[in-house]
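Reader: Could you take me through one part of this model up close? I'd like to see how a pair of helices sits together, residue by residue.

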Amino acid sequence: MTRAGRTPALSRRVVLLGGTLAVTAAACTTEEEPRGRQHCFSAADHQQGLDGIRVFQQAPPPADDATDQSYRYWPCTDAATSQDFGRSTWTEGNTWAFVWANRCNAGTAWNKKPNPLPAPREYVDDLECRAVFSTHARANAATRCQVRYLLGMDQASCLAPWLEVGGEAADALTDADFRGSPGDHCPSTSAWGDEAYRVMVDKVLLPAVRLTEGVNADHRLGVVLDYEVQDGRSPEVTEAFVHALAHDFTGTGKQLFLLTNPFNAPTQQHTGFTAANLPRILADVDHLGVFLWAGSPDGGVAASYATQLQMLGPPVETDVSKLVPIFELGEPGTTLDDARWLHETLHADGPHPDKVMFWRHYAEQGGSCDTTTNQKISLVCFGE
């Protein structure tokens, strides 16, 4: 079979070998490959053949609408990145700002690892610069300031949450100021296990660009918030924070996509998601990730998905259109059977998710169609 947008030289078919699914390349020779082809998938794959499924990639967006074989993250309808996407003029899909939800790194916090700053990383004396916060309130306020800046709010509105918790306007740093002299802004050293970092304490690093700026501002759809704080905050604090953050999006035309560890992961006792508050949190956000990986507490991707759905409340009350399965690509990790199961879930009868996000987990995307990573992607997206 030949997918629309593909050449016959790189068409693929699924064969059954001893009960195991395998993807083979048909007549794939160097001489027959089109000139310039670098990776298995092409731009046509996110325009055709997805059957209404949106594919989120945790990667920078294509540079422009003409980008094809130099881009290793097709198929892609939505690109989420913490890097400066201001140079991209891509309008064939959507771009999202990937934001880390800051954790408290002091007191009785269970996980005190310093918070990562937006890419690219900056180093001082060979140590990566990161941020630390003295309280849950300050960590949350910094996150809200960063998101408000992305949403295009004025300076006073951006800093209001920070000032409310006792911070000062001078604590806010522009991206240019920080990168111009990272050593001045990360003067201290913080140890975490066997690692050490240079850190800034109770400072707010504002993003490099805003969702509201640029020729493709209408395609900068919103914020993907990676909420893995694990710092001992209560379910009440987590729910109040998500509710306040969701309110910040009101009237902006932008969307909030919240992702976290599996809802029943052991770390959630330190993060604050529970079966009690998850239904209300789902109601607050535009999209909610359902994390699927081989190491899930339930011992399998399908079982983990079922358990997490139960935590969201009765099926009749759960808006599954908001759910985004986050599928691990790492090896050995998930299996080809897991990938096929997810494809079937995305096309099930009755209410079902219509979006998927890929999590690389050290896997490398791009390259030959013969790699296990690309076979997983093909099975999830196209069922073949």
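Author: Here is a walk through one helix pair, with a second pair and a single histidine after it.

First, the ground rules: this is a predicted model, so local features need pLDDT of at least 70 and side-chain atom pairs count only at pLDDT 80 or more, while totals for chains, interfaces and linings use all residues. Residues are numbered from 1 along each chain as its sequence is written, and side-chain values use heavy atoms, with hydrogens and water left out.

Start with helix 10 (residues 336-346) and helix 11 (residues 372-382), which pack at about 20° with their axes 7 Å apart. Helices here are DSSP runs of H or I, at least four residues, and strands are E runs of at least two, numbered from the N terminus. The axes are lines fitted to C-alpha atoms over the stretch in contact, and angles run from 0 to 180 degrees between N-to-C directions. Helix 10 and helix 11 are therefore roughly parallel (angles under 35 degrees). Their crossing is right-handed, meaning that the near helix is turned clockwise from the far one by less than a right angle.

Who touches whom? Helix 10 brings Leu336, Ala339, Arg340, Leu342, His343 and Leu346, and helix 11 answers with Thr372, Gln375, Lys376, Leu379, Val380, Cys381 and Phe382 (contact is heavy atoms within 4.5 Å). Sorted by class, that's 8 nonpolar, 3 polar and 2 charged residues. Buried residues of helix 10 include Leu336, Ala339, Leu342, His343 and Leu346, and Asp338 and Thr345 are buried as well (under 20% relative accessible area, with a 1.4 Å probe and protein chains only). At the start of helix 10, a side-chain oxygen of Thr335 comes within 3.3 Å of the backbone nitrogen of Asp337.

Now the other pair: helix 2 (residues 136-150) and helix 6 (residues 235-248) pack at about 20°, with axes 10 Å apart. That makes helix 2 roughly parallel to helix 6, and the crossing is right-handed. Asn140, Thr143, Arg144, Val147 and Arg148 of helix 2 meet Val237, Phe241, Ala244, Leu245 and Asp248 of helix 6. That contact has 5 nonpolar, 2 polar and 3 charged residues.

Last, the histidine: His39 sits in the loop between strand 2 (20-25) and helix 1 (44-47). His39 counts as buried because its relative accessibility is 9%. A polar atom of the His39 side chain lies 2.8 Å from the backbone nitrogen of Gly367. Leaving aside residues up to four places away in sequence, His39 touches Gln69, Ser70, Tyr71, Arg72, Gly366 and Gly367.

Methods. Angles under 35 degrees count as roughly parallel, over 145 as roughly antiparallel, 65 to 115 as roughly perpendicular and the rest as oblique. Ala, Val, Leu, Ile, Met, Phe, Trp, Tyr, Cys and Pro count as nonpolar, Asp, Glu, Lys and Arg as charged, and the others, Gly among them, as polar. Buried means under 20% relative accessible area, exposed over 50%, partly exposed in between (1.4 Å probe, protein chains only). A polar contact is a pair of N or O atoms within 3.5 Å; within protein, one must be able to donate a hydrogen and the other to accept it, and residues adjacent in sequence count only if both atoms are side-chain atoms.
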